[in-house]
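Subject: The structure to look through

Hi,

Here is the structure I promised to pass on. Have a look at it in your viewer first, then read my notes below with the model still open.

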Amino acid sequence: MGTIVAIGGGSIRRLETEPMDREIIELTGRTRPHALFVPTASSDSDVYRRHFERAYRDRLGCTTDVLLLLGSTPDPVVVANKIERADIVYVGGGNTLMMMRRWRRLGVDALLHAAWARGAVLCGVSAGAICWFERGHSDSMAYYDKTDWRYIAVAGMGLVAGIACPHYNGRTYGVPRRRDFHAMMIRRGGRGLGIDNHCAVVFTATGFRVMATKERSSAYAVSVTRRSVIERKLPKTAEYLPIETLHRAAGIA
């Protein structure tokens with residue numbers, strides 16, 4: 001089983017995620033891992049790709065590649081080979097709904113599941129964080145209409161249980177994430193995880209840990225009891241905690 005690193009938000013261009021990026025590289029156990037960037041959610045942005053290469057190739061010493069999936073249908077053999085070679089699969093932020101639809105249409109979700117099963121590090125920020133969960137709290141509808149939209153729950157890969165909310169301490173077009181996520185949890189129930197900007201949650205076979213690049217950034221276990229939201233801040237530790245600790249922190253047996 002591989003590793004998941006879910007980053008709630010932060011700019012790779014402004015080095016806001018660099019400590020997390022270094023942790024991602026260390027988790028591979030390789031001195032010069034091969035990192036594959038997947039910018040589907042940002043419409044295969046070339047600018048985003050260049051920022052990734054400056055960070056992971058030029059500054060951190062990885063070999064890098066990019067997986068472009070939009071426009072013409074990519075060669076399935078090329079797609080499979082790129083994912084199979086990757087020690088790190090880094091998914092950029094953007095439109096989660098569009099990304100997940102494209103992945104499923106092309107069978108990329110199955111290839112990523114296989115990469116996780118063989119031990120690759122799957123990671124990313126925002127859309128690239130929540131895609132690994134059963135569901136993600138997403139502002140994807142704002143990409144289609146900035147004036148008339150709402151947050152939605154997007155079905156993800158299901159490698160981590162529950163529903164995750166990125167930018168938990170942020171907002172989209174003035175609408176607070178935390179408040180809307182609480183309302184969504186009341187409607188849906190289950191296990192929730194809120195991840196602030198500049199914070200990441202790492203999931204491995206041995207458990208989970210929370211790390212942050214800003215002192216006030218945190219991650220929170222969220223649950224609902226009697227139509228009331230229970231939110232508990234998770235500890236930031238260098239050690240991995242049993243995954244059951246996260247579930248208990250959310251008030252779920």
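Start with Arg135, which stands opposite Ile163 in strand E8. Before you go on, bear in mind that this is a predicted model. Arg135 and Ile163 will help you find a pairing of two strands: E6, residues 133-138, and E8, residues 160-165, run parallel and are joined by three bridges. E6 also pairs with strand E7 (residues 152-155), this time antiparallel and through four bridges. To spot that pairing, look for Ser138, which has Ile152 of E7 opposite. One bit of background while you have strands on screen: side chains in a regular strand point alternately to one face of the sheet and the other.

There is another antiparallel pair to look at. Strand E14 (residues 219-225) is joined to strand E15 (residues 228-233) by six bridges. Thr225 has Ser228 in E15 as its bridge partner. The hairpin of E14 and E15 has two residues between the strands, and Arg226 there takes a positive phi near 50°.

Arg226 is a good way into some other backbone angles. His167 has a positive phi of about 50° too, although it isn't a glycine, and you'll find His167 in the loop between E8 and E9. Then there's Asp44, again not a glycine, with a positive phi near 55°. Asp44 sits in the loop between strand E2 (34-38) and helix H2. Is Asp44 buried or exposed? It counts as buried, because its relative accessible area is 15% and the cut-off for buried is under 20%.

Now for the rings. The count of aromatic pairs comes to 13. In one of them, Trp149 and Tyr151 meet edge-to-face, with 4.9 Å from centre to centre and 85° between the planes. Trp149 and Tyr151 are buried. Another pair, Tyr168 with Tyr220, is tilted: the centres are 5.4 Å apart and the planes are at 40°. What does this pair tie together? Tyr168 lies in the loop between E8 and strand E9 (171-172), while Tyr220 is in E14, so the pair links parts that are 52 residues apart in sequence. Both tyrosines, Tyr168 and Tyr220, are buried. Tyr220 has something over its face as well: Arg178 lies there, 4.9 Å from the ring centre. If you'd like a whole group of rings to look at, Phe37, Tyr48, Phe52, Tyr56 and Tyr90 are linked by ring pairs into a cluster.

Next, the pockets. Empty space shows up when a probe the size of a water molecule is rolled over the atoms. The largest pocket holds about 370 Å³ of space. It is lined by 23 residues, and the closest to its centre are Gly10, Tyr48, Gly93, Val125 and Ser126. You've already met Tyr48 as a member of the ring cluster. The elements that give two or more residues to this lining are helix H2 (46-59), helix H6 (127-130) and E6. Which classes of residue line the largest pocket? Eight are nonpolar, 11 polar and four charged.

The second largest pocket has about 290 Å³ of space. Of its 21 lining residues, Leu159, Val160, Ala161, Phe203 and Ile243 lie nearest the centre. At least two lining residues come from each of E8, strand E11 (192-195), strand E12 (199-204) and helix H8 (243-249). E8 supplies the largest share of that lining, with four residues. By class, the lining of the second largest pocket has 13 nonpolar residues, seven polar and one charged.

One last residue to click on is Leu69, in the loop between strand E3 (63-66) and helix H3 (76-85). Leu69 has a relative accessible area of 0%, so it is buried. Leu69 and Arg102 are 33 residues apart in sequence, yet their C-alpha atoms are 7.7 Å apart in space.

Have fun clicking around!

Definitions and conventions: Residues numbered from 1 in each chain as written. Predicted model: local features only at pLDDT ≥ 70, side-chain atom pairs only at ≥ 80, totals over all residues. Heavy atoms only, no water. Pairing = 2+ DSSP bridges. Phe/Tyr/Trp six-rings, centres within 6.5 Å; stacked < 30°, edge-to-face > 60°. Buried < 20%, exposed > 50% of the residue type's maximum accessible area, 1.4 Å probe, protein only. Lys NZ or Arg CZ within 6 Å of the ring centre and 35° of its normal. 1 Å grid on protein atoms, 1.4 Å probe; cavity = no way out; pocket = protein on both sides within 12 Å on 5 of 7 lines; lining within 4 Å. Points joined across faces, edges and corners; volume = space filled by probe spheres on them. Nonpolar A, V, L, I, M, F, W, Y, C, P; charged D, E, K, R; others polar.
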